[in-house]
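This report goes through a protein model part by part. Please keep the sequence and the 3D view open while reading.

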Amino acid sequence: MDRFLTAVTGTTYAVALVGIIVFATGIVKYYQAPRDRDALCTLVTILALSSVLATVLLFPVDVALVSNTTDNSTGLKKAWATDEKIGQILFALKVVYYSLYSLDVGFVLLFIPFTYFFYEEWDADSTTGERVKNALKYSVFFVFTAAVLFLIGFFVPIAKADKAHLDLDYLKTLLAGTHSEKALAFTIGILLTIGSALFISYTAPGLALLPLSLISPSSSPLLTTSRADQALAHNRERQRAIEVKYAGSHAQMNSKDRRALEALHREERTLVRHSRLAEEAGRKSGPLRWVRRVFGKVGRVGRVGLGLVVGAVSVVTVASMIISGIEKLTGSICGRRCGFILERTPKLFNLVDRGLVMSSRIFPLDYIITTLLVLLFFMATMMGILYIGIRVLWVNLFRVRPGSTQPQGLLLLASLLTLTVLAINYSLVTVVAPQYAHFGHQKFCNHTLGNGFIRDCTDYPDLIVPCDASAPTNICTPTVMSSFVDRVGLNYPFFGQVGFWSQWIFVGVWVLSGLWILVRGVRWVREEDENSDDEVEDGDEEESLLGSWRRRVSSTVRDLRSRDA
């Protein structure tokens, strides 16, 4: 095997791991509340985000190692690429993949729930042992869920290889996995189904909002000192006008005036804070104020330019999803029975897929592009969570805001992002860049001599074609990532259908969200956060609905026990 490529791929992934940990740490530090930090919650959140990002960003390394096994000038295997050598490469990749996937499942179903309940059990009189015992007690449901999912994966019936639509060697290989692989595939399929709902709910509107929020003019949250003072004086005058109406009278304030007065009180606290910050900013700028104005204008131009680039990439990515979706609908021989696996080379032009296939010949160029794509989806998901909040239907559990997110909110944020990134992973492999994700730039000779066993394209270079699912498995080697994703859809067609049709729903939500934001503007979603910033400044961050409800129940149980004693 090419030792240089092995060294480059290993070094690239190691650097990426360091970058992932730094990135995850930065995200957590940026959003967590400085006055409400917990070391265990912070550590688990960072590790959960790092684990799922490491899982997704391993697949360009997978593509590079597999693509290097064929010689594209002859369409045959390279001399060193024996079955034994390729088996060693695939085994090493499987160990890493399955370890990371198992870790992702463990964080979602075990570690994050335990850490959440462990934090909630904190009390001035509680000991660490009591907190651990109670956290384990509340985490039993998640442990039971994980065990049930693995058992179902072991014994649930799967597709049979003797069906007519499964006669390809590639599909038969996917059906030949061990029980452990099938159990893990079933569990990932369950999490993928949940992640697809989050992918639609958060990533789609976030992807539409992200470029528009960069391009649209953003009003600074800080007013000038004079404007803040004027607004504050006007606010207090309106308060006095309402209070005068009821001064010296025993009449009760009507509901309309009471709500108006409460809103004015909230606005007053916000204006006082803005006035103080504007005054401090004015003192700090001094003679360098003109320099700040110049850099502000340059930053504005850069922000608009970045927004245009992000918008263009978003449109191209969604267009690639649509093209691949059409290709699968019209060209998959097994359709919904195998999760719409495409057994031939895509015929429609997919810009993202084609670009990644071409760049994969110059590793790590494709790794950089893939990382940027993953970051685009990740930041779009963060944008969606920022403006929608962590909620169940209409009930808002936590508001994720920079510098004011509670530890419980960070843990739930890590769970949402882990599940969503699993869905992003599925999308990248199946519809964003399917050819790249499955075979990279591998090609095979599609011409055999008279006996049908020897392939030789010396005189037929046009018959050296890209690998696909119908290609001979002794030449074309699929990536481990694509095999795992396809195994989920093939063994359990329900998960394949959910994953496939969720891509179409994603596109629809993206279009509707974009139209909605263009009509209503971006500012309407920003004002919600500003209305609640005064509460954060006073140190009275809102307590989670789940946490407060559970603490009230625990307090009631303790009271009843003390009475019985």
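How many cavities of 30 Å³ or more does the structure hold? The count is 5. The model is a predicted one, and every value below was computed from it.

## Cavities

The largest cavity encloses about 220 Å³ of space. Its lining is made up of 22 residues. Those nearest the centre of this cavity are Leu-342, Pro-346, Pro-434, Gln-435 and His-438. Helices α10 (289–331) and α14 (434–439) each contribute at least two residues to the lining.

Some background on the method helps here. Empty space shows up when a probe the size of a water molecule is rolled over the atoms.

## Salt bridges

Side chains of opposite charge can pair when their charged atoms come close. With a side-chain nitrogen of Lys or Arg required within 4 Å of a carboxyl oxygen of Asp or Glu, the structure has 3 salt bridges.

Arg-236 and Glu-268 form one of them, with an N to O distance of 2.9 Å. This pair links distant parts of the chain: Arg-236 belongs to helix α8 (residues 225–245) and Glu-268 to helix α9 (residues 255–285), and the two are 32 residues apart. Arg-236 counts as partly exposed because its relative accessibility is 35%.

A salt bridge also joins the side chains of Lys-245 and Asp-257, whose closest N and O atoms are 2.9 Å apart. Lys-245 is in helix α8 and Asp-257 in helix α9, so this salt bridge ties together parts 12 residues apart in sequence. The two partners differ in how they are covered: Lys-245 is exposed, at 53% relative accessible area, whereas Asp-257 is buried, at 10% relative accessibility.

## A pair within helix α8

Where do the partners of the salt bridge between Glu-237 and Arg-240 lie? Both are in helix α8, and because they are 3 residues apart, about one helical turn separates them. Their side chains meet at 2.8 Å, N to O. An α-helix has 3.6 residues a turn, so residues three or four places apart point the same way.

Glu-237 is partly exposed, with a relative accessibility of 45%. Arg-240 is partly exposed as well, at 42%.

## Nonpolar surface patch

Four residues, Leu-103, Leu-110, Phe-111 and Val-143, make up a nonpolar patch on the surface. Together they have about 310 Å² of accessible area. Helix α4 (residues 83–120) supplies the largest share of the patch, with 3 residues.

Val-143 sits in helix α5 (residues 128–155). Is Val-143 buried or partly exposed? Val-143 counts as partly exposed because its relative accessibility is 45%, which falls between the limits of 20% for buried and 50% for exposed.

## Helix α16

Helix α16 (residues 493–520) contains 28 residues. From its first C-alpha to its last, α16 reaches 40 Å, close to the 40 Å expected at 1.5 Å a residue.

The buried residues of α16 include the aromatic residues Phe-495, Phe-500, Phe-506 and Trp-510. Glycines are also among them, namely Gly-496, Gly-499 and Gly-514. The list is completed by Ser-502, Gln-503, Val-507, Ser-513 and Ile-517.

## A cis peptide bond

Most residues other than glycine have a negative phi, and most peptide bonds are trans. The bond from Phe-363 to Pro-364 is cis, with omega near 15°. Pro-364 lies in the loop between α11 (351–359) and α12 (365–388).

Key:
Residues are numbered from 1 along each chain as its sequence is written. This is a predicted model: local features need pLDDT of at least 70, side-chain atom pairs count only at pLDDT 80 or more; totals for chains, interfaces and linings use all residues. Side-chain values use heavy atoms; hydrogens and water are left out. Patches are made of residues with over 30% relative accessible area and no salt bridge: like charges are joined within 9 Å, nonpolar side chains (Val, Leu, Ile, Met, Phe, Trp, Tyr) within 5 Å. Accessible areas come from the Shrake-Rupley method with a 1.4 Å probe; for residues, only the protein chains shown count as cover. Helices (H or I, at least four residues) and strands (E, at least two) are DSSP runs, numbered from the N terminus. Buried means under 20% relative accessible area, exposed over 50%, partly exposed in between (1.4 Å probe, protein chains only). The expected span of a helix is 1.5 Å times one less than its number of residues. On a 1 Å grid over the protein atoms alone, a cavity is a set of points where a 1.4 Å probe fits but cannot get out, and a pocket is an open set with protein on both sides within 12 Å along at least five of seven lines; lining residues have an atom within 4 Å of a point. Grid points are joined across faces, edges and corners, and a volume is the space filled by probe spheres set on the points.
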